[in-house]
Amino acid sequence: MRSLQRPDQPVLSVATLVAMAVSATVLIAYAWHFLPFISDDALISLRYSERLLAGDGLTWTAGERVEGYSNLLWVLAVAGVSPLVGGDLIVAARLLGVASMLAVIGALYRAYWPATARELVAPTVAALSFAASAPIAVWAIGGLEQALVAGLLAWSLALTVPLADVPVASSRSLLRAGLPLALLCITRPDGALFAFAIGLGLLAVRPKRWASVKLVVVLAILPLAFVGGQLAFRLAYYGEWVPNTAHAKVSVSAVHVHQGLRYVVGGARAMPVILAAAAVTLVLVFVRGRARRIGVLIIPFVVWPAYVMTIGGDIFPAYRHLIPLVVIAVFIVAEATAWLSTLGRRVSAGVVAFGLVPLTLVAGHRHPEVQRARDERWEWQGQVVGEMLQRAFGTRAPLLAVDSAGCLPYFSKLLALDLLGLNDRYLATHPPPGFGDGWLGHELGDGAYALRRKPDLVLLCGPLGPEPLGNDQGCFRSGIEMVATPQFHLDYAKVQFETGTLVGMIWVRRDGRVGVQREPGRIVIPGHLIAANPATRVRAAADGSLEAAVAAARPARLQQLAVTAGTWVIDARASGPLRIRIAAEGQLPIEGAPPLELAIAAPRDVTIEVTTAGPEIALAELVLRRR
């Protein structure tokens, strides 16, 4: 070990690089374990990136501009990286996420680069504790901006914590330290809290002289400029002072604070490094040579969980909002381990500190919130359903109303209405009574407003619709109010679909873009609308269109079709022979093989049922022509 004491010896540099590589390998391997997890909200952000690349601006759908993202730099960065990976935005987000988490490891070694072999313990323990934290692995590949937040925060700390001990710093070094803070401010709006907390920490621990105030002011120049620039852009582009997400999610209440408290406590149990950092902080504030540096870290370490509690925590798996807390915690652990290393033979820093790594692995592996990320795959069901809808209806530009505002709009590429209001200004700015007392992010809704928008397709709850299959009830306010409206059942047909091994339910507007098509003397009824019988399902044909699967035990049916007076001839486009039965108000029903003639004395509603005596057939459409 003595040969490693001099900082200019290459052996120590090689050992440091090996330690970094081991930490990086642990992080990457652990993140791989959680594939193919992707967050539904990540796909909301990726839809903004996709539309930006397509020349449609920072928009979620055509029409009114709404800032339904809260991660501007992430949206831009993913869009910038995607051409390097063949345009695959999900791959781009994953690569950027892993790279950002690896940047935390780089920042730790930058801040604690060893001059002796003993000093190598501090950054290595901190880096391995970070890499072994399950939420870090989950959100390295989860598709949201928390990884970028972690990377920028780590470099902010690496560059600002040393300022606690520097009597005078050059303007250049302060601007360099302020840059990651500035980028953090436009990665998330609440990133400005870190700039504020770190600046306050520096003022608290440095001598109370004008030089300290000047240092913090110069450090704040870039963060203030970036915040001001984004605000100016928001006002000019969206006409709002705050993101739409703030309207949709933020409501301080006793209920949300209680939820937030449980969130922070649960997250601390899943990530022991947070508890370890809290414990050693109480010691380090009294250690000469460490008190100032730890003082800079204490304020963001306290401010951030207080903020998370105030907003009610989060609904996604694996405690994504506590990732910044983990970053600060590993810096505190590094400070503590470096202090232990200076004690020499009295305390073995390696034995004490490295015990944190397996403890972190075990705690994360057993935690139910981590298991939830390992099990959550419904977003990929959204890919199957979304691509089915795109193939079937993409050329007709229907409006798709959804609760799952990430996967379904992203994979379908259709015009969309977010029934939970994250990407809808009206819903976000018209909260219902009791807003703040419900499930975070899922409280908004207005069924009457949604019906006024006349969506052509309504897919409530998840990508497969309400459960159990065929349930008429919605899961959230907009859907619940819509299906409780009698007019909704007159205007929409409930259709069960089958794609691969998945079976789901969607509501289709009878007279919308993908509903009954009416021309003078001609009515075309698409196959998917004739599947209103609960026993009938629709499937995709070779050309992507949806056809009703008709069998003797599963006849297809369409009710309340408005037909004007006259003589009509009904024909069908199907894969085999069928029989049609037509019942009109006030008239005897007629039945037979098409073409079938129907005389209507006056305008009225008719019910059409299609069946077959032979094997199952695929019904593409019915056509009524006036004779």
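Biologist: Where is S251 found?

Modeller: This is a predicted model, in which local features need pLDDT of at least 70 and side-chain atom pairs count only at pLDDT 80 or more, while totals for chains, interfaces and linings use all residues. Residues are numbered from 1 along each chain as its sequence is written, and side-chain values use heavy atoms, with hydrogens and water left out. Helices (H or I, at least four residues) and strands (E, at least two) are DSSP runs, numbered from the N terminus. With those names in hand, S251 is found in the loop between α12 (244-249) and α13.

Biologist: Does S251 count as buried or exposed?

Modeller: Buried means under 20% relative accessible area, exposed means over 50%, and partly exposed lies in between (1.4 Å probe, protein chains only). S251 has a relative accessibility of 15%, so it counts as buried.

Biologist: Which residues is S251 in contact with, leaving aside its neighbours within four places in sequence?

Modeller: Contact means heavy atoms within 4.5 Å. One partner also offers a polar contact (N or O atoms within 3.5 Å; within protein, one must be able to donate a hydrogen and the other to accept it, and residues adjacent in sequence count only if both atoms are side-chain atoms). Here a polar atom of the S251 side chain lies 3.3 Å from the backbone oxygen of F435. With those sequence neighbours set aside, the residues touching S251 are H256, F435 and G436.

Biologist: Let's look at a helix. How far apart are the end C-alpha atoms of α14?

Modeller: The expected span of a helix is 1.5 Å times one less than its number of residues. Helix α14 (residues 272-284) has 13 residues, so it should span 18 Å. The model agrees, with its end C-alpha atoms apart by 18 Å.

Biologist: Which elements are included in what covers the buried residues of α14?

Modeller: The residues to look for in α14 are P272, V273, I274, A277, T281 and L284, which are buried. Their cover includes α5 (121-131), α13 (254-270), α15 (291-311), α16 (323-342) and α18 (356-366).

Biologist: Now to the strands. How many bridges pair β4 with β5?

Modeller: Two strands pair if DSSP finds at least two bridges between them. Strand β3 (residues 457-459) pairs with β5 in the antiparallel sense over 2 bridges, with V458 and W507 as bridge partners. Strand β4 (residues 492-499) also pairs with β5 in the antiparallel sense, and Q496 stands opposite M505. The number of bridges between β4 and β5 is 8.

Biologist: How many of the residues of β5 are buried?

Modeller: Strand β5 covers residues 502-509 and is mostly covered. Of its 8 residues, the number buried is 7.

Biologist: Which residue takes a positive phi in the hairpin of β4 and β5?

Modeller: This hairpin has 2 residues between its strands. The one with a positive phi, near 65°, is G500.

Biologist: Which residue forms a salt bridge with R234?

Modeller: A salt bridge is a side-chain nitrogen of Lys or Arg within 4 Å of a carboxyl oxygen of Asp or Glu. For R234, the closest N and O atoms are 2.7 Å apart, and the partner is E67.

Biologist: How many residues apart in sequence are the parts that R234 and E67 tie together?

Modeller: Both R234 and E67 are buried. R234 lies in helix α11 (residues 221-237) and E67 in the loop between α2 (40-53) and α3 (72-81), so the pair ties together parts whose separation in residues is 167.

Biologist: Which residue meets R513 in a salt bridge?

Modeller: R513 has 43% relative accessibility, so it counts as partly exposed. Its partner has 2% relative accessibility and therefore counts as buried. The two side chains meet at 2.9 Å, N to O, and the partner is D456.

Biologist: Which strand does β7 join over 5 bridges?

Modeller: Strand β7 (residues 522-526) is largely enclosed by the rest of the structure, because 4 of its 5 residues are buried. It runs antiparallel to β6, joined by 3 bridges, and G521 in the turn of their hairpin has a positive phi of about 75°. In its other antiparallel pairing, P526 stands opposite E621. The strand joined over 5 bridges is β16.

Biologist: And for the whole protein, what percentage of the residues count as buried?

Modeller: The protein has 25 helices and 16 strands, and its C-alpha atoms fill a box of roughly 100 × 45 × 40 Å along the principal axes. Of its 627 residues, the share that counts as buried is 56%.
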